[in-house]
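Grab a coffee and open the viewer. Try each exercise yourself before you read the solution under it.

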Amino acid sequence: MVDEPILSVRGLTKIWGRGCDACLDQTGPAHNRNTCPACGAIVACADVALDLYPGEVLGIVGESGSGKSSVLQCLYMDLAPNSGEAFLSTFHSGRKSIWEATMRERRELRAILMGMVYQNPRDGLNLMVTAGGNIGERLLAADWRHVGQIRARAADYLHRTEVPIERMDHLPAYFSGGMQQRVQIAKALANSPSLVLLDELTTGLDISVQAGVLDLVRDIQHREGLSVIVVSHDLSVIRLLADRTMVMKMGRVVESGLTDQVLEDPQHAYTQLLVSSAA
Amino acid sequence: MEANTAPLLHIQDLSKRITLHILDGAIVEPFSGVSFDVAEGEFVAIVGASGSGKSSVIKTLHRTYLATAGNAAYRTAGGALIDLASAPDRTIIELRRTEIRLVSQFLKVEPRVPAIDIVARSLVRNGATVESAREAAAGLLGRLDVPQKLWASYPALFSGGEQQRINIARALVARPRLLLADEPTSALDSRNTARTIETLLAARSHGMTMIGVFHDLDLIEQIADRVVVMNNGRIEAVGRVGEVSIPRVQPTQEVAARV
């Protein structure tokens, strides 16, 4: 049993606005607000801690505004946290927080060590560059230099994500939402990142298309043993993909545990409401 | 052989209380003060009227429910003692993968996966090749008499009895040391029940231990070494089959009570 986490996060806090001494005490589930009454700053997430182990899928569930996407955006460095540390075992052997990375290291983290799939394919793809070009771009950033190898790898990942190879040289702008999402997944996974971040990856899709995308992610995860954090407001997505689950509300983690335990024996009032609403 | 005299599972004062915040903090107590030991290779049946807490005990041992108090010391294949009530989530995940399996009353499986792969997946996760895992799965499905024409279909479309056998096959294929079973044969006819019993007894001959909720008296006599009788969340009696009186409960009443 491998018991060194691939990712270890402590004290992650993100506040929008100047912030004041009262921000953390005056917000959160107990106050049912994430806007600080003293200074008006918004506490997106506060003191979030998590460990992710190799080959594991961790779910983060919560309603809009719970802070779950902020956690992912901080990890992918789309957002800079106010405080906290995050150690990725493949970055400086887990001895330097990713939030202390230099500009060059940040590029390495985003292009090589981590892969992000956004809710909106527009955020993860350049829709006016071909599907193959999108993947090639990411491989180039990861120092792939041989054009033939890049094309072969792009074709391989488009095949794995069930995008017809004949669409490889087409622009994703003219793809369906489901196919755009599959290209985005291929792009995120093509250079075998240590950490995969999935943010509401099926939220904008039709139900039947959602099923296809989820099955795809589940199958690739099983086959390749990816380490994944999946954020969703949809309990069925969490149930299908996650080994362990964290529940967030008003920027705080209110509960965490084995996914079946969180869904069948929820402890926190908010989780009980969430589970009974979905049933 | 000192190891064999120590129980496989030592359950002490296990209790479960649920606070329903969405019902103004109402408190439900499925069971409390549950204590019993299970020896390696033993089959223990938990019996009792509906609402007596049987299923909740099984779920708590599987950690689908969190215990409120007490412990359940499980002795692993490697000889370590692990409290199933308080061990870290990661330890429980590992035990579920390698040693402890649950057969719930109703099949809960990933949608859109063929029956044979649902069974085979348990082995693939433990490192077997897809081919050898499917072979083992096919063998077990055959022994449980699941029609071969169903193997490639999705179990969501199956009858209750077919689903139940998929559920059993999925748990047994990985040869668990401890099987937790919640009415695993409630939807089976007598012929399929007999097949299932044969399969469970064969697993016992390979050293498997089982704790299961059962209703059928004949079945209990055939399969159980000992019986734990529960009433209203408490243990009323523990003893060998024939030594304790087993309350008769119709499975249909049980289902009706839940609906």
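Below are some exercises on this predicted model, each with a worked solution.

**Exercise 1. Find out how confident the predictor is, and where chain B calls for caution.**

Start with the overall scores: ipTM is 0.90 and pTM is 0.92. Next, go to chain B, where pLDDT averages 91 and 94% of the residues score at least 70. Then look at residues 253-259 of chain B, where the pLDDT is below 50. Beyond near neighbours in sequence, that stretch has six contacts in the model. Take those contacts with a pinch of salt: where pLDDT is low, the predicted coordinates should not be read in detail.

**Exercise 2. Work out how compact each chain is, using its radius of gyration.**

Take chain A to begin with. Its secondary structure comes to 10 helices and nine strands. A compact globule of 279 residues would have a radius of gyration near 19 Å, and chain A agrees, with 19 Å. The C-alpha trace of chain A spans about 55 × 45 × 40 Å along its principal axes, and 47% of the residues in chain A are buried.

Now do chain B, which has nine helices and 10 strands. Its radius of gyration is 18 Å, close to the 18 Å from the globule rule for 259 residues, so chain B is as compact as a globular protein of that length. Along the principal axes, the C-alpha trace of chain B covers about 45 × 45 × 45 Å. Buried residues come to 41% of chain B.

Finish with the contacts between residues at least 6 apart in sequence. In chain A, 66% of them join residues at least 24 apart; in chain B, the share is 69%.

**Exercise 3. Trace the antiparallel sheet of chain B and say which strands sit at its edges.**

First, write down the strand order: β2-β1-β4-β5, an open sheet of four strands. The edge strands of this sheet are β2 (26-38) and β5 (81-83) of chain B, each pairing on one side only. From one strand to the next, the twist averages 25 degrees.

Next, zoom in on one pair. Strands β1 (residues 9-20) and β4 (residues 69-75) of chain B run antiparallel, over five bridges. Within that register, B:L9 has B:Y74 as its bridge partner in β4(B). To finish, add the helix: α2 (residues 54-62) of chain B lies across β1, β2 and β4 of chain B, at about 75 degrees to β2(B).

**Exercise 4. Do the same for the mixed sheet of chain B.**

This open sheet has six strands, in the order β6-β7-β8-β3-β9-β10. Check the edges: β6 (100-103) and β10 (234-240) of chain B have a single partner strand each, so one side of each lacks a neighbour in the sheet. Here the twist averages 15 degrees from one strand to the next.

For a close look, pick β9 (residues 226-231) of chain B, which pairs with β10(B) in the antiparallel sense over six bridges. B:V227 stands opposite B:G239 in β10(B). Then find helix α6 (residues 160-172) of chain B, which lies across β6 and β7 (178-182) of chain B and runs at about 180 degrees to β6(B).

**Exercise 5. Is helix α4 of chain A enclosed or open, and what covers its buried residues?**

Count the buried positions: eight of the 11 residues of helix α4 (residues 131-141) of chain A qualify, so this helix is largely enclosed by the rest of the structure. Among them are A:G132, A:I135 and A:L139. The cover includes α2 (103-113), α5 (147-160) and α6 (177-189) of chain A. Just past α4(A), A:D143 has a positive phi of about 70 degrees.

**Exercise 6. Is A:S8 buried, partly exposed or exposed?**

Locate A:S8 in strand β1 (residues 7-16) of chain A. It has 18 other C-beta atoms within 10 Å. Buried needs 20 or more and exposed means 12 or fewer, so A:S8 is partly exposed. Outside its neighbours within four places in sequence, A:S8 contacts A:D51 and A:F87.

**Exercise 7. Describe the contact between the chains, starting from chain B.**

Chain B puts in 14 residues and chain A 18 residues. On the chain B side, helix α3 (residues 89-98) gives the most, with five residues. By class, the chain B side has six nonpolar, two polar and six charged residues.

How values were computed. Residues numbered from 1 in each chain as written. Chains lettered and ligands numbered in written order. Predicted model: local features only at pLDDT ≥ 70, side-chain atom pairs only at ≥ 80, totals over all residues. Contact = placed C-beta atoms within 7 Å. Helix = DSSP H or I, 4+ residues; strand = E, 2+ residues; numbered from the N terminus. Nonpolar A, V, L, I, M, F, W, Y, C, P; charged D, E, K, R; others polar. Rg over C-alpha atoms; globule rule 2.2 N^0.38 Å. Pairing = 2+ DSSP bridges. Axes fitted to C-alpha atoms, helices over the stretch in contact; angles between N-to-C directions. pLDDT = per-residue confidence, 0-100.
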